[in-house]
Amino acid sequence: MPELQHKVHRRACHLCEAICGLVIETKGEQILSIKGDPDDPLSRGHICPKAVALQDIHTDPDRLRRPVKRVRHDNGSDEFVAIPWEEALDTAAAALVQSVQQLGVDSVGVYLGNPTVHNYGMMTHQGALFRHLRTRNRFSATSVDQLPHHLVSMWLFGHKLLFPIPDIDRSDYFLMLGANPVASNGSIWTVPDVRKRIKSLTARGGRLIVIDPRKTETADLASEHIAISPGTDGWLLLAMVHSILANGWQRLRHLSDYVDGVDAVKAAVADFTPAVAAQKTGISAETIEKIARDFAHANAGICYGRMGVSTQRYGAVCQWAIQVLNILTGNLDREGGSMFTLPAVDQVQITGPGGFARHVSRVSQLPEFDRELPASTLAEEITTPGEGQIRVLFTGAGNPVLSTPSGHKLEAALGELDFMVSLDPWINETTRHADIILPPTSPLEHDHYDLAFHVNAMRNTSRFSLEVFAKPEDALHDWEIFEALGQRVARGLGLDSQPSPPPDVMMDMALQAGPYGNDSPEQLSLSVLKDSPSGIDLGPLQPLLPARLKTPEQRINIAVPECLADLQRLLTEADSLESFRLIGRRHVRDCNSWMHNFQRLVKGRNRCTLLVNPLDADREGWRTGDSVQVASPAGAVVVPVEISPDIMAGVVSLPHGYGHHRTGTKIAIANSHAGISCNDVTDAQYIDQLSGNAAVNGLPVSISLV
Ligand SMILES: Nc1nc2c(c(=O)[nH]1)N[C@H]1C(S)=C(S)[C@@H](COP(=O)(O)OP(=O)(O)OC[C@H]3O[C@@H](n4cnc5c(=O)[nH]c(N)nc54)[C@H](O)[C@@H]3O)O[C@H]1N2
Ligand SMILES: Nc1nc2c(c(=O)[nH]1)N[C@H]1C(S)=C(S)[C@@H](COP(=O)(O)OP(=O)(O)OC[C@H]3O[C@@H](n4cnc5c(=O)[nH]c(N)nc54)[C@H](O)[C@@H]3O)O[C@H]1N2
Ligand code: SF4
Ligand SMILES: [Mo]
């Protein structure tokens, strides 16, 4: 027997937005170890417990290696049987073509999930299929997530991807709302090893203020944690804008040359006084004024908000107000404030700026963003008859049954489809409804460039990773599946279809044409990156405005009409009845819904519990371990109580991504750590009316002992 080869691979972890560098040792087909790469200029050796689970993904016996087809037995039960690629691709393409020809393009629905943006081939090649489908019924996880960030970036800076990124390492005052990077490892803020960066911020005398209904792992490291009543951040942020402008604390500094609309904003926030905001938020007027004053007078301040403020009923207004605060204090595009990246593959130059409300959804008339409709409307678009009804669904890297509001209703709707095809490695709560599942190669079997997250990174770096294992025979990458389906669909519809070059060739072209490419001293290309597998450092973020703005005259108008108009909705909203408010939470060993099938990540005590404040528990007579029913008008779940002083009174918290008890799946370990899906309680009708984003945080719920 020949000696098995021992190899050391350097590779980026694609599991979350921190994109940590890894050193992976292999011997033959075996993974010996997965460690942090100390030479990675961004992550500097940091990893979290999920990195090691990359090998579990690779070796999981439940992961599909061949396409499968669902067969229905006489007794009504379903079984998935392996079929050859040709048959699978032909069948899926034929169903798409038939639906388009007989019922029109909108009869095909598309839902793409979060791993799409962690997999560059899915980003470069989805167009190979979708450009032939041209359906308006496109959906993604964006509208259960960061949609307000895109909208606000488009409105203020002229491009959906011009995100202001917290420059934490050079800051001295950080106001963070609705984010828990110590658990999530950062979002719309690629910041590996955030714990260390927070500790050095406070060690050098800087302050971190965390606004969150729960004293989170991040709040534990903060200088101060301030609890806020869920869904009321709009009041806090607007009262801060009010205070700053009323007291004349604004100083736009360099921004005054190209910022307009300050007076209009001042007039619009007149009613948002700290006194009124105090009643809404539960934070005293003195505290609100103090935060406003401290932030306005900080040398280098950051205001940043994420899931907790994006996925609530005023998500767009919150994200807008956050950037208005960064601008009024002169902290945008400034060292130690919120800055823009200049990534080596510059998506701001390559992709369109985004667009809003150019059409609306058929049933609820909710606006599109960037040609996608709100995911909350997917179920009704399947079940409501009429022209444009979805009859065939394509899902890719998504699990909307667990991850979108009122997931149980979508689950029922999937059963009504004529045909469903899923691009996914597992038979899970969503894909079990597919007629055909097309499984891609495992992450370690394909190369990787982080197309999405260098755009959001707190330092400019660039890195290309080769595959760790050769692609197995009879396997296809995600991008190859898109390409193969696209060619078949084009043929079926009589359309022209030129094959696209592979993703690595596209990256090479984009790198050479990019800001560090052929016209720059760095001369980046794919081969240069291959020679530096730990990545290349392109330096800290630099001021880039106004040149990088994509607005018509490279000016920023903070008086965004859509946001100003929406303030009225906030002002006139009726105060809620006496009920609990539901919020979410993330744990460092979770990754949305799809990493519960690996023993090392699910072991230990049950994490799928309802956090309840001791005051509420005492009053209601609940004890830790009691089963309670959590109910909204949309649905109900039964879950064990966990009493915790960290959660604010009147607020309860459930994690998302569980609910693996559903039958027909093939994820054995997840089944035995099933939990419940909080999205069986969340309400598809409970949304941010302006953006169409789901409001999975702040939902009123009632709770009763079972
Ligand atoms: N209540 C509540 N709901 C939420 C959230 C919340 O905080 N609370 N969070 C929201 C957020 S931020 C997000 S991003 C969404 C996530 O929502 P989704 O993206 O719909 O769900 P995931 O759980 O990420 O499911 C990912 C799917 O991709 C598959 N997959 C994994 N890797 C690959 C791959 O390389 N290729 C392919 N083809 N498939 C792959 C997995 O098997 C799984 O089926 O959930 C949202 N839903
Ligand atoms: N371990 C792990 N990491 C992940 C993921 C995961 O599932 N697990 N998912 C990844 C994805 S897709 C994303 S988008 C990111 C999300 O990254 P983050 O946004 O950093 O993560 P969350 O834990 O959702 O943080 C939201 C916080 O908002 C708080 N919150 C809820 N409602 C409100 C409110 O009304 N006001 C305020 N101020 N706060 C509120 C919650 O208590 C919570 O602490 O994480 C990514 N990283
Ligand atoms: S923090 Fe994110 S990128 Fe880093 S190792 Fe963990 S899962 Fe991977
Ligand atoms: Mo997300």
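The following questions and answers walk through the ligand sites, two sheets and two backbone features of a predicted model.

Visitor: Between which domains does ligand 1 lie?
Guide: The shell around ligand 1 counts 30 residues, with Asn 114, Ser 403, Asp 424, Asn 428 and Ser 593 as the closest. Residues of this shell are given by two domains, so ligand 1 lies between domain 2 (68-145 + 347-538) and domain 4 (574-705).

Visitor: What percentage of the area that ligand 1 exposes when taken alone is buried by the protein?
Guide: Polar contacts to the ligand include one from a polar side-chain atom of Asp 424, which lies 2.7 Å from an oxygen atom of ligand 1. Backbone atoms take part as well: a polar backbone atom of Ala 397 is 3.3 Å from an oxygen atom of ligand 1, and one of Ser 403 is 2.6 Å from a nitrogen atom of ligand 1. Taken alone, ligand 1 exposes 920 Å², and the share of this area buried by the protein is 96%.

Visitor: How many charged residues does the shell around ligand 1 have?
Guide: Divided by class, this shell has 15 nonpolar residues and 11 polar ones. The remaining class in the division is the charged one, and the number of charged residues in the shell around ligand 1 is four.

Visitor: Between which domains does ligand 2 lie?
Guide: Ligand 2 is surrounded by 30 residues, of which the closest are Asp 212, Asp 233, Arg 586, Asp 590 and Asn 592. Since the shell takes residues from two domains, ligand 2 lies between domain 3 (147-343 + 556-568) and domain 4 (574-705).

Visitor: Which helix gives the largest share of the shell around ligand 2?
Guide: Two helices, H5 (181-184) and H12 (307-310), each supply at least two residues of this shell. The largest share amounts to three residues, and the element that gives them is helix H5.

Visitor: What percentage of the area that ligand 2 exposes when taken alone is buried by the protein?
Guide: An N or O atom in the side chain of Ser 184 is 2.8 Å from an oxygen atom of ligand 2, while a backbone N or O atom of Asn 592 lies 2.7 Å from an oxygen atom of the ligand. Gly 178 also contributes a backbone N or O atom, 3.3 Å from an oxygen atom of ligand 2. The area exposed by ligand 2 taken alone is 910 Å², and the protein buries 97%.

Visitor: How many charged residues are in the shell around ligand 2?
Guide: The shell around ligand 2 has 11 nonpolar and 12 polar residues. Its charged residues number seven.

Visitor: Which residue of the shell around ligand 3 has a positive phi although it is not a glycine?
Guide: The residues around ligand 3 include Cys 13, Cys 16, Ile 19, Cys 20 and Cys 48, and by class the shell divides into nine nonpolar, one polar and one charged residue. Most residues other than glycine have a negative phi. The exception here sits in the loop between E1 and E2; with a phi of about 40°, it is Ile 19.

Visitor: Which strands stand at the edges of the sheet E1-E2-E3?
Guide: This open sheet has three strands with antiparallel pairing, and seven bridges join E1 to strand E2 (residues 21-27), with Arg 10 opposite Val 23 in E2. Neighbouring strands are turned against each other by 20° on average, direction ignored. Two strands have a single partner each, so one side of each is left without a neighbour in the sheet, and these are E1 (6-12) and E3 (30-36).

Visitor: What is the average twist from one strand to the next in the sheet E11-E10-E9-E13?
Guide: The four strands form an open sheet with parallel pairing, and its edge strands, E11 (224-226) and E13 (301-305), each pair on one side only. Within it, strand E10 (residues 207-211) and E11 pair over three bridges, and Ile 211 stands opposite Ile 226 in E11. From one strand to the next, the twist averages 15°.

Visitor: Which two residues are joined by a cis peptide bond?
Guide: Most peptide bonds are trans. The cis bond has an omega of about 0°, and its proline is found in the loop between strand E23 (536-540) and strand E24 (556-557). The two residues joined are Leu 545 and Pro 546.

How values were computed: Residues are numbered from 1 along each chain as its sequence is written. Chains are lettered from A and ligands numbered from 1 in the order in which they are written. This is a predicted model: local features need pLDDT of at least 70, side-chain atom pairs count only at pLDDT 80 or more; totals for chains, interfaces and linings use all residues. Side-chain values use heavy atoms; hydrogens and water are left out. A residue is near a molecule or strand if one of its heavy atoms lies within 4 Å of it. A polar contact is a pair of N or O atoms within 3.5 Å; within protein, one must be able to donate a hydrogen and the other to accept it, and residues adjacent in sequence count only if both atoms are side-chain atoms. Accessible areas come from the Shrake-Rupley method with a 1.4 Å probe; for residues, only the protein chains shown count as cover. Ala, Val, Leu, Ile, Met, Phe, Trp, Tyr, Cys and Pro count as nonpolar, Asp, Glu, Lys and Arg as charged, and the others, Gly among them, as polar. Domain bounds come from an automatic or database domain assignment. Two strands pair if DSSP finds at least two bridges between them. Axes are lines fitted to C-alpha atoms, for helices over the stretch in contact, and angles run from 0 to 180 degrees between N-to-C directions.
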